[in-house]
Amino acid sequence: MKNVVIGTAGHIDHGKTTLIKALTGIETDTTREEKQRGLSINLGFAYIDLENGERVGIVDVPGHEKFIKNMLAGAAGIDLALLVIDVNEGIMPQTKEHVAVLSLLGVDDFIIVLTKVASVDADLKELVYEDIREQFKGSKLENSPIVETDAVAGIGIDELKALIQDRVDHIQRKAEDLPGRLNVDRAFSVKGFGTVVTGTLIDGAIEVGDEMTIYPAGIPTRIRTIQIHEQDQKIAHAGNRTALNLTKVDLDQVGRGDVLSAAPLEASYMIDAKVRCLKEASQPMELWDRVHVHIGTREVIGRLVPIGVERIMPGEEAFIQLRLEEQIAVKKGDRFILRNFSPVVTIGGGEVLDATPKKHKRFNQEVIESLEVMETGSTVDVLLDFLANRSAGFTSVKEMSDYLGEEMKAVEAYVAELVEGGHLLKFGQFYMAKSTYDQLAEKMIQLLETYHKERNMDAGMALEEFRSNFSKLPAKELNAIIQSLVDAEKLEIDGDLIKLAGYQIAISPQQAKAYEAITQQLAENPFAPLTFEEVVGKDKVKREVYLQMRKNNEFYRLDKQTEIRTVYYNEALDRLAEFCQDHGVIELADFRNLLGTSRKYALLILDNFDKRGITKRVEDHRVLNPKYAESIEEAKLS
C-alpha cells in the first residue's frame, strides 16, 4: 500500500464536492452551514477504493476565497491533485491561486477535471481547452491529462478512476523508516474517548501505544487508538489520512497547526528558506514586509528578511529568513506559502532549508554558500554542511536521518562514505565533522600554548579549568575529544593537570634570578618566616615566582599570616624527632634553641605539630607520637 493522498482544487461551485461523491459515494460537505450555503467551509475527507485494492484518501479543500486558508491547511501532504474546472465558466481566480499554492507546495502531479460537460456545446468546450493550454503553458500542468466528467449524468467517472489508478501506480512510496510526524488539521473531543486529532501522516509510521509530543508547546502524549477511513487500525503509515485518539492531553492543549511528532523537534521563531515570488505578484518581496506564513496546517505572521539580495522581484527566487511572531516546529524540506498581510493574497512560497537558524547578516557570503549547499548540494554535501554547522558536538545517525528526512539505512551508507573519506570521525555510536573536531582541537592546543607561555612555571593547567573553557559541550563528549587528543599524543594528562604533549617547565633567566634571590633571603633565617610583602616588595618578577612557589607547594601555611618553606618545616621535624629520641620529651625553650628562632615562631610550629598529631602536650612539655618514634618521614610534607 502506497498510502496516497489526492486533493481537489478549484474555484467555488465548480463541482469538487459533487465529483468526490460520484467517485467515492461519500458526502464531504458535512456541516449544516455547508449544506445550507452550498459550499465547502472546512476540509472534507473521503476515500476511494481502486480496482487493484488500493484505498486512496481524498481531501476536498474549499474553493471560496474567504476559506483559502482552509485550503492551504488541506494541501499539505497531497500527492496527486485533481484540478476541477467547470466547463461553463473556465479558469477562474481561485483556480489559478489553487494551482499556484499546490505548485509552491511541491505538488507535481495534476489531473485536470472538466465538470458539468453534459450540457455544454462543443464550441464552448473547445474555448475552455484553448484557455487551459494558454494559461498553463510552461507550468507543471502543461502536459497534464484532461478528463471530461459530469457527476450528475455519470459521464467520465470510470475514465477518471482509471486515470487515478494509473497515476497512483507511478507515485513513489513514501519513506516509512522515519519517526512519525503529523500536521494536525482538526482537533475535537469525543465523549467517552477524549481528545481526537486528524491529519495526514507526513513522515514514518505510528502505532497504537506510541509516545509522541505535541509541538511547538512540547506536550507529551500517547496514541490510544488509530482510525483510518473510519476503521480502527493498529498502525498508520506515511500518507495515511488518520484520526488519533490521544491520552494525557486536553482539547485546549492541541489544535490545528500543531505538529504531533515521535522525534524531538525544536521550536523556533525563525526559518531559513528558498522562496519564489509569484510572477503574478503585484510587488516585490521587500525587507521587513509583514506576511501570513502557511506551513503544514499552521498560519503565523512573519517578517521577510531577504538574504543576498535587496528584494525579491515577481518571478524571481532567492534565499530568505522569516522572522515569526509565534514559534513553529518544522523540518528541513517542509514547504510553505506566503500571503501578503493586507490585502491577503498569495505572493509566493518556498522550502525550509534550516528549521532552527541563527540571525544572519543579510550579505554574509559564508551564510549564502551554506544555504546554497542546503538547496542544491548532494545529500552527502547537505549532511556534511549540517554536521559542520551544528552547535552541538556529537550526532547520531538517527538525528541525521531526522534532519535529511531519509531512511536510516540510506543515511548509514552516507555516513560510512564520509567516515571512509575522512570527513567524519566516529566516537562510539556518534559522529562529528572532521572540520568541527579540527577547530576544537586547534582551540584546545592554542589555549594550552597561551597558558604555558603566560604561566611557564606551571607544570600544567588544572583539568577542570581547562574543561570550563568548553562548557557548551556535554561532559561525555568533551572527555572523549580530550582523550582522542591524548591518544594522538597531542595532549598529556598528569593527575589533575593537562598540558601539551612533551611540555617541560622552562623558567626564564629573570625568573631563575628571582627564585635564587627569594630562596637566599628566606635561608638567612629559615625558622623566622618573612611575610609575602617583605620578600617580594614591588618586584613583579619576584611576585610571580613567589606565587608559583606557593602553587608548587614550596610553602606551608602555619596560620593566616604566616607561611614557612616546606623544606624548613621538614627540617624542624627532623630536629624535633632527634631531640625527643635522645631526651624523651621537649619543652618550648628547647625547641626554640634547636631552631634558633623566637619564642613566637617556635610556639607556632609546635602548635601545628600538636594539631597534626605529631606531638602531644603534657603539662609544660611535649612528647613525640609513638607512631613516629622510629621514623619521622611519614609526617613530613611532600
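Between domain 2 and domain 3 there are 3 salt bridges. This count, like every value in this report, is computed from a predicted model. One salt bridge joins the side chains of K331 and D203, with an N to O distance of 3.3 Å. Polar contacts also cross the interface of domain 2 and domain 3, where 4 residue pairs, both members at pLDDT 80 or more, satisfy the rule.

On the side of domain 2 that touches domain 3, strand β7 (residues 181-190) contributes the largest share, with 4 residues. Sorted by class, this side of domain 2 holds 5 charged, 4 nonpolar and 2 polar residues.

The two domains belong to a chain that is divided into four parts, listed below with their bounds.

| Domain | Residues |
|---|---|
| domain 1 | residues 5-170 |
| domain 2 | residues 181-261 |
| domain 3 | residues 267-368 |
| domain 4 | residues 509-637 |

Taken over C-alpha atoms, the centres of domain 2 and domain 3 lie 28 Å apart. Domain 2 brings 11 residues to the contact, and domain 3 brings 10 residues.

The buried area of this pair can also be described. About 760 Å² is buried between domain 2 and domain 3, and carbon and sulfur atoms account for 53% of that area. Within the area that domain 2 buries against domain 3, R181, P216 and G257 supply 58%, which is more than any other three residues.

In summary, the interface of domain 2 and domain 3 combines 3 salt bridges with a buried area of about 760 Å².

Notes:
Residues are numbered from 1 along each chain as its sequence is written. This is a predicted model: local features need pLDDT of at least 70, side-chain atom pairs count only at pLDDT 80 or more; totals for chains, interfaces and linings use all residues. Side-chain values use heavy atoms; hydrogens and water are left out. Domain bounds come from an automatic or database domain assignment. Contact means heavy atoms within 4.5 Å. Buried area is the accessible area (1.4 Å probe) that two parts lose on being put together, summed over both. A salt bridge is a side-chain nitrogen of Lys or Arg within 4 Å of a carboxyl oxygen of Asp or Glu. A polar contact is a pair of N or O atoms within 3.5 Å; within protein, one must be able to donate a hydrogen and the other to accept it, and residues adjacent in sequence count only if both atoms are side-chain atoms. Helices (H or I, at least four residues) and strands (E, at least two) are DSSP runs, numbered from the N terminus. Ala, Val, Leu, Ile, Met, Phe, Trp, Tyr, Cys and Pro count as nonpolar, Asp, Glu, Lys and Arg as charged, and the others, Gly among them, as polar.
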